[in-house]
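Subject: Handover of a structure and the findings on it

Dear colleague,

Please find the structure below, together with its sequence. An account of what was found in it follows.

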Amino acid sequence: MANKVLFQDMEYSRLSLEEIKETVEKYIKELKEADSFEKADEIFIEEDNYTKHLATETNIAAIHHSIDTRDKYWEEEKKYWDELLPQLQEINNIWQDTFINSPFAEDFKNKYGNVLFLNAKIQLRSFKPELVPYMQEENKLVTEYEKLLASAQIPFEGKTYTLSQLTPMKSDADDERRLAAWKAEGQWYKDNQEAFDDLYDKLVKNRHAQGKIMGYENYIPLGYDRMNRNCYDKNDIEKFRAAVVKYLVPVADSIFREQAKRLGKEYPMSFADNALEFRSGNPRPEGSADDILAAAKKFYEELSDETGRFFNTMLDQNLLDVLSTDGKQAGGYCTGIDDYKVPFIFANFNGTQGDVEVVTHEAGHAFAYYMNTQRPSDLAWPSMEGCEVHSMSMEFLAWPWEEGFFGKDTKKFLYSHLTGALKFIPYGTMVDHFQHSVYENPDWTKRQRHDEWKRLLGIYMPWQKLDGDIPFYSDGEGWQRQHHIYSFPFYYIDYCLAQTVALEIWELQEKDQKDAFKHYMDYTVQGGSRVFTELVENAGLISPFDEECLKGVCHRAKAWLDSVDLTGIE
């Protein structure tokens with residue numbers, strides 16, 4: 001299929017359950033009958049290309065739906081795939097079982113590596129046909145949650161805003177306006193509290209039931225398998241959490257204390273005051289969305305030939321949808337469109353520094369995919385913590401070009417970006433801890449979940465003043481705005497692991513930009529051909545599960561922050 005196709009011109013059609021099953025059954029039969037590795041490999045490639053075609057159709061439908069959740073046609077297509085995909089798990093597992101038990105298994109390992117086999121075994125042990133109706137219901141509930149977020153119309157200063165459109169006002173330099181924006185957002189969540197509580201209650205009970213069907217005490221082991229955790233376990237996560245509390249929380253706490261001094265506020269500060277880093281206002285990009293994309297084009301073209309070709313492909317084929325509009329799904333993501341061998345970036349620009357972080361973060365994902373489209377589908381991306389290294393590291397690689405994005409606010413942004421990374425890890429770790437608590441206690445009441453979030457705030461984010469001034473947040477309910485908790489259970493710790501590795505790239509870049517980019521490319525060109533810990537090691541980096549890694553990056557980042565001259569920046 002031709003590559004140079006505009007996104008809006010990409011073909012879409014439904015595939016029927018019968019057609020898909022019949023096609024995969026044909027490949028299963030042919031693989032069993034293959035009398036040579038060459039023939040078996042040919043069938044493997046054909047089946048993989050069909051898998052990529054199936055993913056293309058589902059992703060095109062999902063992208064269109066997320067761009068406008070009010071569009072009835074794409075709503076129906078999204079609903080169709082939500083119901084169909086769980087029904088394919090059984091036939092896909094038969095294919096995987098046939099593949100890993102092929103007489104040519106060793107030949108496949110020699111050609112593609114062992115990860116395909118590791119991941120296939122995880123997939124096989126995480127499914128029974130009895131799960132299908134639960135998986136369908138789970139997809140439906142997640143879609144309802146995403147649609148609820150997208151439907152937000154928040155009254156503020158005589159106008160109405162979506163959640164994304166309100167975001168700039170939540171960091172406004174005017175104390176009263178900023179607090180009013182936080183209260184307006186919190187009130188919208190409170191007005192929809194019953195829906196948010198009920199959706200999550202149903203999701204927890206649904207997922208717990210799935211875990212029990214698989215023979216587990218609760219959902220957690222199945223949740224780990226669904227995240228494809230193929231080189232670490234719950235014990236490793238708990239050790240990482242402990243290191244975050246030991247090394248990172250004190251650094252983040254010192255950052256907020258300095259922030260309180262700059263703002264002339266008493267520590268600890270409210271949620272609204274913590275959102276303002278400088279009395280003169282948070283860093284903001286200069287110019288329009290087009291200006292940001294033009295600055296990104298310059299950055300990628302000057303970073304390397306490969307990144308330049310990649311970003312121009314994104315622009316030339318309309319593979320970015322970045323403006324915040326009514327009915328648009330909240331947040332941002334990157335996905336692949338396999339038939340066309342291109343990625344797609346979805347975002348919600350709102351005039352904050354997050355707009356720039358999108359064209360570095362999501363484009364980091366997109367570039368990694370772009371570099372690995374020749375691989376089998378299961379090896380194009382690593383597991384999610386591995387993917388997040390691509391994106392979070394690309395954010396830091398953009399540092400020498402930030403003036404093109406931020407102009408006079410460049411120094412302010414660099415300080416904000418580094419402190420943001422350090423402040424994020426405790427929050428992200430808390431999100432993970434919270435989910436473990438919830439799935440270990442599936443019978444908790446809605447209020448007990450809120451109380452647990454409030455308790456964890458005291459451990460991971462002691463700088464948050466729970467003074468009751470802002471409804472929703474101060475009541476321990478702020479977790480409901482974090483859509484990963486609903487939509488992608490156990491995903492969030494992946495960001496924290498990746499951010500730790502990305503801080504290593506930042507440290508290398510502070511010494512030598514070209515050397516840092518070499519480590520980045522050494523990591524990226526591996527695609528998903530190795531497990532996460534091996535990807536890191538092969539790129540000459542330290543695993544985040546090594547306590548010395550977090551200890552080291554905290555020490556060096558704190559030294560940089562202590563040395564930076566903020567003279568003239570209020």
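The sheet is a convenient place to begin. In this predicted model, 3 strands make up an open sheet with mixed pairing, and their order is E3-E5-E4. Strand E3 (320-323) and strand E4 (333-337) are the edge strands, each of them pairing on one side only. From one strand to the next, the twist averages 15 degrees.

E4 pairs with strand E5 (residues 342-349) in the antiparallel sense, over 5 bridges. One position in this pairing may be located by name: Gly336 has Pro343 in E5 as its bridge partner. Between the strands of the E4 and E5 hairpin there are 4 residues, and in this hairpin Lys341 takes a positive phi near 55 degrees. E4 is an edge strand, yet E4 is mostly covered, with 4 of its 5 residues buried.

A helix accompanies the sheet. Helix H14 (residues 305-316) lies across E3 and E5, and the angle at which H14 runs to E5 is about 70 degrees. The loop between H14 and E3 contains Asn318. This residue is not a glycine, but the phi of Asn318 is positive, near 55 degrees. Asn318 has a relative accessible area of 35% and is therefore partly exposed.

The second topic is a pair of helices. Helix H17 (residues 384-397) packs with helix H23 (residues 513-524) at an angle of about 160 degrees, and their axes are 11 Å apart. An angle over 145 degrees counts as roughly antiparallel, and H17 and H23 are therefore roughly antiparallel to each other. The crossing in which H17 passes H23 is left-handed.

Which residues in H17 and H23 meet? From H17 they are Gly386, Val389, His390, Ser393, Met394 and Leu397, and from H23 they are Gln513, Ala516, Phe517, Tyr520, Tyr523 and Thr524. In this contact of H17 with H23, 7 residues are nonpolar, 5 are polar and none is charged.

Thr524, which has its place in helix H23, may be of interest in its own right. Is Thr524 buried or exposed? Its relative accessibility is 0%, so Thr524 counts as buried. Its neighbours within four places in sequence left aside, Thr524 is in contact with Phe367, Ala368, Asn372 and His390. His390 is also among the residues of H17 that meet H23. A further pair to inspect is Thr524 and His365: they are 159 residues apart in sequence, while the C-alpha to C-alpha separation in space is 9.7 Å.

Finally, two loops deserve a note on their backbone.

- Tyr267 and Pro268 are joined by a cis peptide bond, with omega at about -5 degrees. Pro268 has its place in the loop between helix H11 (234-263) and helix H12 (271-274).
- Phe490 is not a glycine, although it has a positive phi of about 70 degrees. The loop in which Phe490 lies is between helix H21 (483-487) and helix H22 (493-511). With a relative accessible area of 0%, Phe490 is buried, whereas Asn318, another residue with a positive phi, is partly exposed.

With kind regards

Notes:
Residues numbered from 1 in each chain as written. Predicted model: local features only at pLDDT ≥ 70, side-chain atom pairs only at ≥ 80, totals over all residues. Heavy atoms only, no water. Axes fitted to C-alpha atoms, helices over the stretch in contact; angles between N-to-C directions. Parallel < 35°, antiparallel > 145°, perpendicular 65-115°, else oblique. Left-handed = near helix turned anticlockwise from the far one by under 90°. Contact = heavy atoms within 4.5 Å. Nonpolar A, V, L, I, M, F, W, Y, C, P; charged D, E, K, R; others polar. Pairing = 2+ DSSP bridges. Buried < 20%, exposed > 50% of the residue type's maximum accessible area, 1.4 Å probe, protein only.
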